[in-house]
Amino acid sequence: MKLGSLELASPFILSPLESVSDAAFRRLCWSLGAGFTWTEMIRARGLVRNNKSTIDLIDSFDADVPTGVQLMVANEKELEEALAKLDALAATTHPHFKNLRAVDLNFGCPSPEVIKVGAGPALLKRHHKLKAIFQVLRAWKQRTALPIGAVTAKVRLGLNRAEMDQKVILPIVDLANELLDGLTVHARHAREESTTPAHWEAIAEAKQRATVPVIGNGDVVSADSARKLMQETGCDAVMIARGAIRSPWLFRELTGRGPGQPTLAELEAAEAEWTRRATELQSKPKYFEWHREGFRRIRARLSGQAVSGTGLPANEHMR
Ligand SMILES: Cc1cc2nc3c(=O)[nH]c(=O)nc-3n(C[C@H](O)[C@H](O)[C@H](O)COP(=O)(O)O)c2cc1C
């Protein structure tokens, strides 16, 4: 599957995942079959303000793991400045930024703090503004020294039910056709909880209108559900979040290389390798907290113990 000039080894993409997607986890998912991976959402404003903890989240240390950075922007000026900052950091203090292969823009984060500043899904119906933002991204892709193969956006279906019913994303598909290399559709509006079934029919509608690849997202938890999503919507690739958190081996199942759950020995080897890599790369404590708990839960399931709840710490994205 091709995304811009990137040739993806599989059409199964690891979602941008706040507090989850550090370099060591991305390597694990990639080694199991993920065709592309994303950093967690990076606030463009933090980057522009030289906020060290924001910059540290762009941990693209692995040249061989195809990775893009996802940015959250409120407007085109902020994006322009953030991209200039990326160029400057890549040229000087952060040579590993040169491993970034793609940039995605987040128009899906339902956090009130994001919506309040007019970013994320608040922009979905502002098509002129979006066009200006996409134009900045496109122009940057053409001039940057970074090896960026694709620029994309990830959208929800609207800020709320009314916007979803108005199909605000269809004009965005047209903009993506003109200015981007692909569009990810998370098939829920921003007020919907992750327990609401994703509206896959909206992915099909986007795909019918798209000339660029459409990446379908929402509720893929198995090879069967991935196949069903691709068949029902015609989407070109699938983005996976909670399924990959529950078991990164889902990528192995999706790519037909083996079962979606590890053996105990595989789990232990993966956890040891994740810990080694994360320690070496000085992953943030939040990633250690998350993955220690994640591996513990997989182990409990493998041992036949009941695992309560979703296994996911509270996170606004999951609403
Ligand atoms: C823990 C967690 C963190 C997330 N962080 C992000 C993020 O940084 N950027 C983003 O676009 N989506 C984020 N999401 C949303 C997912 O990328 C995805 O769109 C959503 O979970 C639906 O996919 P799924 O059904 O495969 O989980 C996050 C989801 C979860 C569960």
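**Exercise 1. Is Leu-28 buried or exposed, and what is its relative accessible area?** Locate the residue in its helix and list the residues that Leu-28 touches.

*Solution.* The model used here is a predicted one. Begin with the placement: Leu-28 belongs to helix 1. Next comes the accessibility, where a residue counts as buried under 20% relative accessible area; Leu-28 has 11% and is therefore buried. Then turn to the surroundings: with residues up to four places away in sequence set aside, Leu-28 touches Pro-248, Ala-270 and Phe-295. As a last step, consider a distance along the chain and through space: Leu-28 and Gly-4 are 24 residues apart in sequence, and their C-alpha atoms are 24 Å apart.

**Exercise 2. Describe the division of the protein into domains and characterise the interface between domain 1 and domain 2.**

*Solution.* Start from the bounds, which put residues 2-256 in domain 1 and residues 264-302 in domain 2. To the contact between them, domain 1 contributes 22 residues and domain 2 contributes 16 residues. The centres of the two domains, taken over C-alpha atoms, are separated by 24 Å.

The second step is the area: about 1,600 Å² is buried between domain 1 and domain 2, and 60% of this lies on carbon and sulfur atoms.

The third step concerns the polar part of the interface, where the count is nine residue pairs in polar contact between domain 1 and domain 2, with both residues at pLDDT 80 or more. Looking at the side of domain 1 that touches domain 2, the elements that give two or more residues are helix 1 (23-31) and helix 11 (242-246). Of these, helix 1 gives the most, with five residues. By residue class, this side of domain 1 divides into 10 nonpolar, four polar and eight charged residues. The rule for salt bridges finds three across the interface of domain 1 and domain 2.

**Exercise 3. Work out how Gln-70 and Thr-39 are placed, and which polar contact joins the backbone nitrogen of Gln-70 to the side chain of Thr-39.**

*Solution.* First assign the elements: Gln-70 lies in strand 5 (residues 67-72), and Thr-39 lies in strand 4 (residues 37-43). Then compare each residue with the cut-off of under 20% relative accessible area: Gln-70, at 2%, is buried, and Thr-39, at 0%, counts as buried too.

Now take the polar contacts one by one. A polar atom of the Thr-39 side chain lies 3.3 Å from the backbone nitrogen of Gln-70, while the side chain of Gln-70 makes a polar contact of 3.0 Å with the side chain of Asp-104.

Finally, widen the view to the contacts beyond four places in sequence. For Gln-70 these include Pro-16, Trp-38, Thr-39, Leu-105 and Lys-154, and for Thr-39 they include Pro-16, Arg-26, Leu-57, Asp-59 and Gln-70.

**Exercise 4. Identify which residues of helix 8 are buried and what they pack against.**

*Solution.* Reading along helix 8 (residues 169-179), one finds Ile-169, Leu-170, Ile-172, Val-173, Leu-175, Ala-176 and Leu-179 buried. For the spacing, recall that an α-helix has 3.6 residues a turn, so residues three or four places apart point the same way. The packing partners complete the picture: the buried residues of helix 8 pack against helix 6 (127-143), strand 7 (150-155), strand 8 (182-186) and helix 9 (200-209).

Note on methods
Residues are numbered from 1 along each chain as its sequence is written. This is a predicted model: local features need pLDDT of at least 70, side-chain atom pairs count only at pLDDT 80 or more; totals for chains, interfaces and linings use all residues. Side-chain values use heavy atoms; hydrogens and water are left out. Buried means under 20% relative accessible area, exposed over 50%, partly exposed in between (1.4 Å probe, protein chains only). Helices (H or I, at least four residues) and strands (E, at least two) are DSSP runs, numbered from the N terminus. Contact means heavy atoms within 4.5 Å. Domain bounds come from an automatic or database domain assignment. Buried area is the accessible area (1.4 Å probe) that two parts lose on being put together, summed over both. A salt bridge is a side-chain nitrogen of Lys or Arg within 4 Å of a carboxyl oxygen of Asp or Glu. A polar contact is a pair of N or O atoms within 3.5 Å; within protein, one must be able to donate a hydrogen and the other to accept it, and residues adjacent in sequence count only if both atoms are side-chain atoms. Ala, Val, Leu, Ile, Met, Phe, Trp, Tyr, Cys and Pro count as nonpolar, Asp, Glu, Lys and Arg as charged, and the others, Gly among them, as polar.
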